Number of protein chains: 2
Amino acid sequence: MDHFFTVKTVDEVLGLVADFPVLPAETVSLARASGRVLAEDVLAGEDVPQFDRSTMDGYAVRARDTFGANESLPALFTVVGEIVMGREPSCEVGPGRTALIWTGGMMPPGANAVVPVEYARRVDESTVELARPVAPYEYVIRRGEDVRRGDMLLPKGRRLRPQDMGLLAALGRESLLATRRPRVAVISTGNEVVPVGSEPGPGQVRDVNTYTLGALVELFGAESVSLGLVRDEPDDIHSAVSQAMQTADVVAISGGSSVGVRDYTVEVFRGFEGSKILVHGVSVSPGKPTIMARVGDKSLWGLPGHTVSAMITADLFLRPLLLRLSGESESRPVWGRTVRAVMSRNVPSVHGRQDYIRVRIEAGPDSGLTAHPVLGKSGLISTMVRADGLVCIPLNDEGMPKGAEVEVRLFD
Amino acid sequence: MDHFFTVKTVDEVLGLVADFPVLPAETVSLARASGRVLAEDVLAGEDVPQFDRSTMDGYAVRARDTFGANESLPALFTVVGEIVMGREPSCEVGPGRTALIWTGGMMPPGANAVVPVEYARRVDESTVELARPVAPYEYVIRRGEDVRRGDMLLPKGRRLRPQDMGLLAALGRESLLATRRPRVAVISTGNEVVPVGSEPGPGQVRDVNTYTLGALVELFGAESVSLGLVRDEPDDIHSAVSQAMQTADVVAISGGSSVGVRDYTVEVFRGFEGSKILVHGVSVSPGKPTIMARVGDKSLWGLPGHTVSAMITADLFLRPLLLRLSGESESRPVWGRTVRAVMSRNVPSVHGRQDYIRVRIEAGPDSGLTAHPVLGKSGLISTMVRADGLVCIPLNDEGMPKGAEVEVRLFD
């Protein structure tokens with residue numbers, strides 16, 4: 001009867017989640033690395049760029065030769081050549097001399113600034129007037145200005161964004177070490193549940209959770225593997241979970257919200273060698289009948305069958321678990337996932353339980369946001385479709401009054 | 001010399017972008033539809049659920065028979081059967097009678113409420129005491145309570161979220177009409193640019209934009225096709241663009257920021273039959289040398305070569321273009337992509353130009369956010385790596401003072 005001791009708070013479950021080890025690293029080619037999580041610190045092996053570059057089309061000069069030049073008294077320069085893109089300059093820029101250069105071109109020896117072409121008037125083949133002064137290194141990106149050799153650039157645990165991809169490209173990193181993507185096996189149960197392609201008979205409903213959970217898990221950056229529908233029988237569930245555990249890091253069964261079914265899901269989970277039932281009920285609503293067992297480094301989850309509860313518990317527990325397994329150290333900052341809004345009505349809650357309220361957000365005329373509770377039983381998928389996010393009512397509050405400012409966690 | 005007439009403001013370019021037609025629809029299986037944009041209105045073809053269901057394990061009763069029951073004076077019921085999941089009930093519930101029912105089970109004829117099992121004490125095989133009253137339809141999801149036949153559920157133009165997938169599953173939609181994903185061909189040019197796998201010689205740099213733009217385009221929900229590096233020669237660019245136009249809806253060339261190269265990119269774009277140069281320069285910084293031509297329903301973009309400018313113009317123009325081509329009517333609401341923050345220092349700007357300032361966001365002790373400008377030339381990819389988002393300084397402002405409250409558009 002260990003389940004009396006395993007009813008947990010949300011924070012306790014999150015603590016258990018944080019205990020799983022990060023998945024092993026694998027080599028990934030740069031072309032496929034976007035969105036993956038770095039399993040190595042990336043240091044700069046070289047300076048970027050490796051030479052001083054012009055940032056403008058213009059004339060490469062010694063800055064001091066331009067001092068005092070202006071529209072009415074331009075400085076006269078002798079043109080000693082033109083820089084060819086992607087080549088080492090063949091000319092040198094001495095006093096009173098200049099070379100034509102293009103954006104991105106390599107600065108010739110002797111020159112330390114560029115006068116943009118708009119300020120130049122070519123007098124003849126070998127002479128140009130430059131009509132403004134430039135400071136040393138004006139319109140020049142210096143060697144190592146973007147990246148200096150030895151700099152720590154991207155820490156282990158960073159989920160790669162487009163700009164991070166660009167930086168890796170600049171460094172010539174054709175491949176890198178990334179954490180393996182977590183694999184989640186999604187299983188739906190319920191003897192009343194039929195596949196989407198079926199016409200439900202009396203008492204039957206179509207399988208919803210395979211689709212919501214599969215899509216959620218992919219949004220969380222993991223691979224989802226659907227094992228489809230399994231009958232609510234211990235043997236069937238045992239064999240589906242056994243099969244799932246061969247390849248998956250996480251097994252998520254939804255359904256079987258009945259007391260009896262929950263009990264044998266626990267028994268199935270307990271039956272695996274080395275299994276520990278760590279969660280058997282959570283003080284959260286919706287989501288109370290959540291179960292979690294740990295078998296080695298794998299976790300087996302029994303999520304509620306009610307579709308809203310299954311989605312909310314996946315967001316609450318699977319999302320942080322998958323970020324943890326991915327080794328993501330700075331998960332997407334909370335300020336990108338939440339907004340502040342004002343409650344449009346009172347919502348009661350039960351003391352001693354963390355409540356998640358579905359809300360629809362509406363922008364007011366004063367640019368403030370209003371959160372309208374979307375009420376409805378946790379079996380109603382349409383309530384999630386109408387909602388934009390969730391408001392949490394803390395464990396020891398007894399509700400949220402109309403007009404309260406709340407933080408809304410937006411759906412991914 | 002039409003380019004004197006084609007320098008546009010950001011809003012003008014966005015107006016041109018909004019003029020492209022939505023891509024055609026295609027049939028997509030539900031299993032692959034997450035994140036796709038609906039090309040049809042989804043109406044409910046049937047009620048969901050199609051029968052009254054219990055939301056609890058308990059006893060199905062006529063509600064009125066429980067009125068007055070409580071812990072000290074429970075009501076006595078005769079148990080006439082147990083509901084089998086997924087089957088039509090074989091029993092009927094008359095006055096003083098009840099049937100055992102499980103979560104999700106079909107309510108038997110005669111019953112209109114469920115007393116949860118916690119309030120039941122089984123006296124013997126055929127008798128149970130129920131110790132609380134229930135109102136009609138308490139703990140019951142009624143037929144059509146989730147979705148009523150004929151309801152408009154998901155409008156054309158909705159990008160499908162996990163819960164929308166669930167709703168489609170509940171309705172038995174194995175496939176649906178979605179807008180075809182836009183295809184974007186990404187081309188990098190520059191005679192000084194070498195592939196990532198190469199060791200750059202003097203004056204050479206590695207190709208960054210192929211990776212940043214490819215990853216961005218995918219984040220925007222499109223398919224990216226990399227055509228790799230092309231030399232800055234009109235013939236080479238012409239043949240790359242011709243090839244790209246065979247399959248892509250959008251061609252994005254970056255590089256060639258030099259005046260001369262820009263000019264012949266325009267000439268190449270102009271050379272396609274029916275081509276119109278709609279943008280030749282934008283009053284925005286960074287991003288001024290942006291070019292756009294329209295050829296039928298395809299658009300050809302010349303993005304700046306500087307990597308920061310290329311990313312910002314892609315965010316400014318390609319993102320809304322791709323949402324437009326996808327037919328997304330309610331693009332991800334802006335309140336999920338922006339946060340308010342306070343500028344940590346003055347940033348000057350030029351009147352008559354829309355400036356985008358890279359900023360790093362820091363959470364303050366008072367839960368307010370501070371936006372720190374990340375200064376640096378637009379050729380420095382490392383500035384984008386350090387930044388979290390952009391602050392826009394409007395066309396006719398001359399800067400943003402320290403302490404100003406600004407809206408930060410977060411990077412995707």
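In chain A of this predicted model, 71% of the contacts with a separation of 6 or more join residues that are 24 or more positions apart. The secondary structure of chain A consists of 7 helices and 28 strands. Of its 412 residues, 50% count as buried.

The overall dimensions of chain A come next. The radius of gyration of chain A is 31 Å, whereas a compact globule of 412 residues would have one near 22 Å. Measured out along the principal axes, the C-alpha trace of chain A spans about 95 × 50 × 40 Å.

Chain A also touches chain B, and each of the two chains gives 71 residues to this contact. On the side of chain A, the elements that give two or more residues are helix H2 (162-170), strand S15 (205-206), helix H3 (209-219), helix H6 (307-326) and helix H7 (381-386). H2(A) provides the largest share, 8 residues. By type, the residues on this side of chain A are 36 nonpolar, 22 polar and 13 charged.

One helix of chain B shows how buried and exposed residues are arranged. Helix H4 of chain B, residues 234-247, has 14 residues. From its first C-alpha to its last it reaches 21 Å, close to the 20 Å expected at 1.5 Å a residue. The buried residues of H4(B) are Ile237(B), Ala240(B), Val241(B) and Ala244(B). They lie on the same side of H4(B) because they cover an arc of only 95° around the axis. Asp235(B) and Gln246(B), on the other side of H4(B), are exposed. The partners against which the buried residues of H4(B) pack are strands S13 (183-189), S16 (223-230), S17 (250-254) and S21 (298-303) and helix H5 (259-270) of chain B.

Terms used. Residues numbered from 1 in each chain as written. Chains lettered and ligands numbered in written order. Predicted model: local features only at pLDDT ≥ 70, side-chain atom pairs only at ≥ 80, totals over all residues. Helix = DSSP H or I, 4+ residues; strand = E, 2+ residues; numbered from the N terminus. Rg over C-alpha atoms; globule rule 2.2 N^0.38 Å. Buried ≥ 20, exposed ≤ 12 C-beta atoms within 10 Å, placed from the backbone. Contact = placed C-beta atoms within 7 Å. Nonpolar A, V, L, I, M, F, W, Y, C, P; charged D, E, K, R; others polar. Expected span 1.5 Å × (residues − 1). Arc of directions from axis to C-beta.
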